[in-house]
Amino acid sequence: MAAIDVPRRISTRRAPSDRAFRAVLTVSGIGVLVVMATVGGFLLLRAWDALRVSGWSFLTTQAWEPDSGNFGIAAILVGTVLIALVAILVAVPFALGVALYINEFAPPRVKAALTSTVDLMAAIPSVVFGLWGFFFLQGHVTGLARWLSTTFAWFPPFRVPGTDPDDPLASATVYTSSTFIAGLVVAMMITPVIASIMREVFSQAPVGEREGALALGSTRWGMIRAVVLPFGKGGIIGGTMLGLGRALGETIAVYMIISPVFAIQWHVLANGGSSVSSLIALRYGESTPFGMSALMAAGLALFLMTLVVNFAASSVVARSRSGASS
């Protein structure tokens with residue numbers, strides 16, 4: 001009888017150092033999930049009293065009067081999203097331009113200096129941005145806000161109720177402490193973070209494809225459009241979502257600029273607005289035990305919204321070329 005060939009079993013014997021490293025990585029990964037679940041569980045436990053009283057009206061009520069039983073996150077949630085959208089709309093084009101210039105056009109010495117500068121800007125405390133926005137930016141951007149309100153008054157978010165855009169003597173205070181100004185300050189805070197991620201991903205675009213595009217007669221901009229930007233799609237989305245996550249949770253800078261209004265404020269150029277994080281900072285020190293539970297419920301809503309944004313971004317990035325390769 002002919003012998004039957006049996007495939008030889010290949011086994012790998014890991015060294016003790018490999019097993020230790022694998023165990024550390026496993027514990028670290030599980031630890032991240034445990035911490036996230038612990039934070040969510042803590043918020044849910046502390047918010048349960050308020051959620052039990054308010055029920056589903058917590059998502060639709062605009063007022064914030066927890067001690068009288070009339071409270072909800074409709075207004076502050078809309079304000080949070082509007083501030084984050086203004087920040088993203090300003091920061092993403094700026095960060096994309098910075099990342100492309102550093103990677104594709106800057107001379108080597110300038111590239112090193114700009115890279116260090118952008119990375120250092122990401123470490124500036126938010127209170128510094130808040131002070132800059134309150135004392136400097138706010139006074140210099142009211143003219144832009146007035147021009148936007150006058151020129152694009154047909155666009156509802158740019159309309160400022162109760163003002164006459166044709167009156168040159170109209171007070172500029174109606175344009176201060178607005179969602180627009182808060183969004184601009186947050187945009188300056190998240191731009192370095194987004195730019196750093198985009199720059200890192202753009203630098204990994206295949207050199208062969210770059211040189212092939214140029215060899216076929218493409219211009220520098222044509223090569224960027226055909227090779228760098230498609231390859232860096234994951235970095236663009238990932239950086240944008242990371243910046244959006246920070247914009248949604250920004251506290252002190254928004255708290256220093258915005259004038260709290262507990263009503264849905266769709267007019268981003270008008271005075272007044274709100275956000276979940278600034279509400280917590282504003283009411284934390286003076287809240288009763290039930291009011292603290294209501295603040296925890298607002299924090300839980302922000303926590304869940306941030307998780308949804310990050311998970312959605314992760315799924316999109318994983319399908320991109322640069323995301324799949326990493």
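Is Glu 286 buried or exposed? Select Glu 286 and look: this residue is exposed, with a relative accessible area of 58%. Keep in mind on this tour that the model is predicted.

**Stop 1: salt bridges**

Stay with Glu 286 and add Arg 283 to your selection. Their side chains meet in a salt bridge, 3.6 Å from N to O. Arg 283 has a relative accessibility of 21%, so this residue counts as partly exposed, because buried means under 20%. The structure holds four salt bridges, and we'll visit two others.

Now jump to helix α1, residues 16-54, and pick out Asp 49 and Arg 52. They form a salt bridge whose closest N and O atoms are 3.2 Å apart. Both belong to α1 and sit three residues apart, about one turn of the helix. That spacing is handy: an α-helix has 3.6 residues a turn, so residues three or four places apart point the same way. Colour the pair by accessibility if you can. Asp 49 is partly exposed at 37% relative accessible area, while Arg 52 is exposed at 58%.

For another kind of pair, select Arg 210 and Glu 104. Here the closest N and O atoms of the salt bridge are 2.9 Å apart. Arg 210 is in helix α6 (residues 207-215) and Glu 104 is in helix α2 (residues 74-105), so this bridge ties together parts that are 106 residues apart in sequence. Both Arg 210 and Glu 104 are buried.

**Stop 2: the pockets**

Stay on α2 and show Leu 82, Leu 85, Val 86, Leu 89 and Val 90, which are among the residues lining the largest pocket. Helix α2 gives the largest share of that lining, five residues. Then add others from the lining, including Phe 155, Phe 158, Phe 180 and Val 268. The volume is about 210 Å³. What classes of residue make up the lining? Eleven are nonpolar, with no polar and no charged residues.

Next comes the second largest pocket, at about 180 Å³. Select Phe 94, Leu 114, Met 121, Met 188, Thr 191 and Pro 192, which are among its lining residues. Helices α2, α3 (108-121) and α5 (179-202) each supply at least two residues to this lining. By class, the lining has ten nonpolar, two polar and no charged residues.

**Stop 3: along helix α5**

Show α5 as a cartoon and find Ile 190. The helix bends by about 35° there, and a proline, Pro 192, follows within four residues. How does the length work out? At 1.5 Å a residue, the 24 residues of α5 should span 34 Å, and the end C-alpha atoms are 32 Å apart, which agrees. Turn on the surface as well: 21 of those 24 residues are buried, so α5 is largely enclosed by the rest of the structure.

**Stop 4: the cavities**

Rolling a probe the size of a water molecule over the atoms shows where empty space is left. The whole structure has two cavities of 30 Å³ or more.

The largest cavity holds about 60 Å³ of space. Select helix α10 (residues 276-283), which gives the most to the lining, with three residues. Then add Ile 76, Tyr 255, Gly 273 and Ser 274, also among the lining residues. The lining divides into seven nonpolar, four polar and no charged.

Finish at the second largest cavity, with about 40 Å³ of space. Keep Gly 273 and Ser 274 selected, and add Ala 75, Leu 82 and Gln 265, all of which help line this cavity. Its lining has five nonpolar, four polar and no charged residues.

Definitions and conventions:
Residues numbered from 1 in each chain as written. Predicted model: local features only at pLDDT ≥ 70, side-chain atom pairs only at ≥ 80, totals over all residues. Heavy atoms only, no water. Buried < 20%, exposed > 50% of the residue type's maximum accessible area, 1.4 Å probe, protein only. 1 Å grid on protein atoms, 1.4 Å probe; cavity = no way out; pocket = protein on both sides within 12 Å on 5 of 7 lines; lining within 4 Å. Points joined across faces, edges and corners; volume = space filled by probe spheres on them. Nonpolar A, V, L, I, M, F, W, Y, C, P; charged D, E, K, R; others polar. Expected span 1.5 Å × (residues − 1). Bend = angle between axes of the 7 residues up to and from the residue.
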